[in-house]
Amino acid sequence: MSETEFLLWVRGPGLQGATIIFVLGMAVRILEILVLGRKPDLAEARGSAVAGGLRTIITRSVPDKGTFKRSTFTVVAGYIFHFGLFITILLFAPHILLIDEVLGVSWPALPTPVVDATTVVTIIALVAVLIHRLKDPVLRFLSRFQDYLVWFVTILPLVTGYIAFHRIGFSPPLLIAIHIFSVELLMVAFPFTKLAHAFTLFVARYYNGAISGYRGVNS
Amino acid sequence: MSNDKTLGEILRKQGISRRGFLKFCAATASMMALPPSMVPAIAAALEKARRPSVIWLSFQECTGCTESLTRSHSPTVEGLIFDAISLDYHHTLQAASGTAAEAAREAAMEENYGKYILVVDGSIPTANPGYSTIAGISNKDMLMDTAMGAAAIISVGTCAAFGGIPHAKPNPTGAVAVSDLIKDKPIINVPGCPPIPVVITGVLAHFLTFGAIPELDALGRPVAFYGKSIHDRCYRRPFYDKGLFAETFDDEGAKKGWCLYKLGCKGPTTYNACATTKWNEGTSFPIESGHPCLGCSEPDFWDGGGFYKAISTPTGDIGRTATYAIGAGAAAGIALGAMNRAKHSRAEKAHEKVTIDDLDKEK
Ligand code: SF4
């Protein structure tokens with residue numbers, strides 16, 4: 001397979017396959033949860049479920065003092081790489097162009113040097129997170145193969161994207177093909193791993209908050 | 001077919017001065033990326049070279065490759081070289097036709113067996129031999145027959161080199177490249193739609209000078225001409241590096257000559273010499289006239305996902321795929337959810353309450 005053929009494959013059949021697995025897989029996972037439903041709560045409402053749910057989405061996204069003190073590193077590094085991923089994926093001009101072409105929606109991009117710097121910071125944060133996981137005996141004990149896999153498929157598009165942008169080593173078509181392929185790996189892994197939390201986390205937070213809200217307590 | 005004269009003699013007879021000849025040798029050297037110190041060696045070799053016999057076969061093609069070669073306006077390096085070879089068979093250019101033409105081909109083959117150069121343009125249909133014939137001979141038969149006595153084969157144009165446009169999906173004629181059929185001869189691919197004239201003659205000059213085929217890349221193309229991508233030598237490259245792109249063919253960026261990447265330029269994946277040798281006697285090349293590179297010297301350029309689509313965007317309709325996938329996923333998710341609910345209610349029904357008495361019994 002030549003470079004051009006590889007590039008054509010990742011843009012064509014490769015991307016089609018990855019999209020099917022990603023979208024279909026996530027749709028199944030989310031709907032399976034939603035269809036489960038809940039028993040009607042027969043007790044009289046003592047507060048607003050919706051307000052409680054929305055409030056919890058926010059409060060659970062901000063670490064409380066205790067958690068912050070106990071695991072400062074996890075919180076800080078976690079925030080950095082999550083924001084970093086948000087910026088590099090959604091605010092980089094060529095990515096927005098792609099989204100515009102597929103979904104027909106677009107928004108302004110950040111200047112390329114900003115995204116470039118963010119990529120480096122995000123990669124560093126992810127490496128630090130892995131080192132922390134390996135060094136901390138409890139974390140290491142709790143880690144499964146999947147945790148390392150998820151880390152790998154997350155950092156890979158960042159690294160390949162950085163290399164492709166700076167055109168290090170190989171020819172541009174090969175670099176861009178490798179980058180697209182690494183994203184396809186991420187898409188394929190998404191529905192089957194903890195990565196799916198990107199879609200379920202706010203639903204879960206809302207649900208916890210809504211139960212408490214209905215009972216008139218803070219979650 | 002006077003193959004006894006040397007190239008030097010022929011050129012002198014045509015009134016080419018020693019100075020002009022050396023200039024040509026220097027141009028050849030620089031074209032082939034050889035050091036200037038090689039010029040005397042090239043001159044000496046060319047001076048003594050015998051006029052080689054060339055048989056040119058045209059199969060499923062549009063004659064654009066031949067046009068490209070013969071449309072030079074003033075005597076050029078290409079012209080000189082073509083005067084210096086003995087083009088013994090070329091059914092577009094020769095006066096004879098039919099049986100007489102075939103006789104000329106056979107005579108040239110016999111006389112120069114094992115020594116002639118075979119040039120091919122056009123692809124070869126394999127689905128049915130009747131799709132393309134010359135004097136009643138199928139393209140494949142003629143190629144196999146003529147290739148046998150050739151010293152080397154030059155596949156001129158993307159059709160002969162890679163199958164080209166006839167080979168584009170769905171390839172109704174089962175078109176293939178020369179290299180798909182012939183495995184036991186040195187083949188030089190000179191792709192392009194059409195190839196740059198200087199590149200065709202440069203390859204011939206190399207063969208004349210060194211009596212061997214030039215260094216080839218993985219796709220059988222001479223590295224001297226196809227070693228660098230269009231993108232690497234493109235004068236719009238500074239704009240690409242700064243991220244300044246023309247978004248449409250008539251916007252501010254297009255007028256300012258910004259990079260054509262977003263308009264589908266295939267320069268980054270295309271290896272050819274257009275950006276340096278240019279076309280029409282060095283006038284310009286497609287990107288210079290405002291059109292993105294189509295990638296015509298690459299295999300399957302016709303099926304490369306659209307001429308006006310940037311090379312990093314999806315080739316298919318991802319939006320539609322995603323919509324279907326959501327639909328299928330939703331259906332599957334709801335079905336699975338319903339199954340889970342059914343299981344849950346079955347479990348609830350089967351549930352038996354445990355009483356204090358039951359627990360007492362277990363003691
Ligand atoms: S116009 Fe094409 S070849 Fe030139 S810099 Fe832009 S992408 Fe590269």
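# Charge, fold and local geometry in a two-chain model

Chain A carries 18 positive and 12 negative side chains, and the centres of these two sets are 15 Å apart. The model is a predicted one, and the values that follow are computed from it. In chain B the corresponding counts are 36 positive and 37 negative side chains, with the two centres lying 5 Å apart.

## The two chains as wholes

Chain A is built from 10 helices and 0 strands, and its order along the sequence reads α-α-α-α-α-α-α-α-α-α. Its C-alpha trace extends over about 65 × 40 × 35 Å along the principal axes. Among the contacts in chain A that link residues at least 6 apart in sequence, 71% join residues at least 24 apart.

Chain B, by contrast, combines 17 helices with 9 strands. The C-alpha atoms of chain B occupy a box of roughly 125 × 50 × 40 Å along the principal axes, and its radius of gyration is 30 Å, where a compact globule of 363 residues would have one near 21 Å. Of the contacts in chain B with a separation of 6 or more, 76% are accounted for by residues 24 or more positions apart.

The burial and surface values of the two chains are set out here.

| Chain | Property | Value |
|---|---|---|
| Chain A | Residues counted as buried | 34% of 219 residues |
| Chain B | Residues counted as buried | 48% of 363 residues |
| Chain A | Exposed area | about 13000 Å², 72% of it from carbon and sulfur atoms |
| Chain B | Exposed area | about 17400 Å², 57% of it from carbon and sulfur atoms |

## Buried positions

In chain A, A:Gly14 belongs to helix H1, which covers residues 3-36. A:Gly14 counts as buried because its relative accessibility is 7%, under the 20% cut-off. Once residues up to four places away in sequence are set aside, A:Gly14 touches A:Trp9 and A:Glu184. The C-alpha atoms of A:Gly14 and A:Leu130, which are 116 residues apart in sequence, lie 29 Å apart in space.

In chain B, B:Asn272 sits in the loop between helix H14 (252-255) and helix H15 (274-277). With a relative accessible area of 3%, B:Asn272 is buried. Its side chain makes a polar contact of 3.4 Å with the side chain of B:Ser297. Beyond its neighbours within four places in sequence, B:Asn272 is in contact with B:Pro191, B:Ile196, B:Phe225, B:Tyr226, B:Lys228, B:Ile230 and B:Ser297.

B:Glu298 is placed in the loop between H15 and helix H16 (318-350) of chain B, and a relative accessible area of 4% makes B:Glu298 buried. Leaving aside neighbours within four places in sequence, the contacts of B:Glu298 include A:Thr4 of chain A, together with B:Thr158, B:Phe162, B:Leu219, B:Arg221, B:Thr269, B:Thr270 and B:Tyr271 of chain B.

B:Phe245 is found in the loop between helix H13 (237-242) and H14 of chain B. At 17% relative accessibility B:Phe245 also counts as buried, since the cut-off for that class is under 20%. Not counting residues up to four places away in sequence, B:Phe245 touches B:Tyr240, B:Trp258, B:Cys259, B:Tyr261 and B:Lys262. B:Phe245 and B:Thr63 are 182 residues apart along the chain, and a distance of 35 Å separates their C-alpha atoms.

## Backbone geometry in the loops of chain B

Most residues other than glycine have a negative phi, and most peptide bonds are trans. Against that background, several loop positions of chain B can be named.

The peptide bond from B:Lys169 to B:Pro170 is cis, with omega near 5°; B:Pro170 lies in the loop between helix H8 (157-162) and strand E8 (175-176). A cis peptide bond also joins B:Cys193 and B:Pro194, with omega at about 0°, and B:Pro194 is in the loop between strand E9 (187-190) and helix H10 (197-210).

B:Lys278, although not a glycine, has a positive phi of about 60°, and its place is in the loop between H15 and H16 of chain B. With a relative accessible area of 23%, B:Lys278 is partly exposed. B:Asp300 is likewise not a glycine and has a positive phi of about 55°; B:Asp300 is found in the loop between H15 and H16 of chain B, and at 30% relative accessibility it counts as partly exposed.

Key
Residues numbered from 1 in each chain as written. Chains lettered and ligands numbered in written order. Predicted model: local features only at pLDDT ≥ 70, side-chain atom pairs only at ≥ 80, totals over all residues. Heavy atoms only, no water. Helix = DSSP H or I, 4+ residues; strand = E, 2+ residues; numbered from the N terminus. Buried < 20%, exposed > 50% of the residue type's maximum accessible area, 1.4 Å probe, protein only. Contact = heavy atoms within 4.5 Å. Areas by Shrake-Rupley, 256 points an atom, 1.4 Å probe, with all protein chains shown as cover. Lys, Arg positive; Asp, Glu negative; His and termini not counted. Charge placed at Lys NZ, Arg CZ, Asp CG, Glu CD. Polar contact = N/O pair within 3.5 Å; in protein donor to acceptor, adjacent residues only side chain to side chain. Rg over C-alpha atoms; globule rule 2.2 N^0.38 Å.
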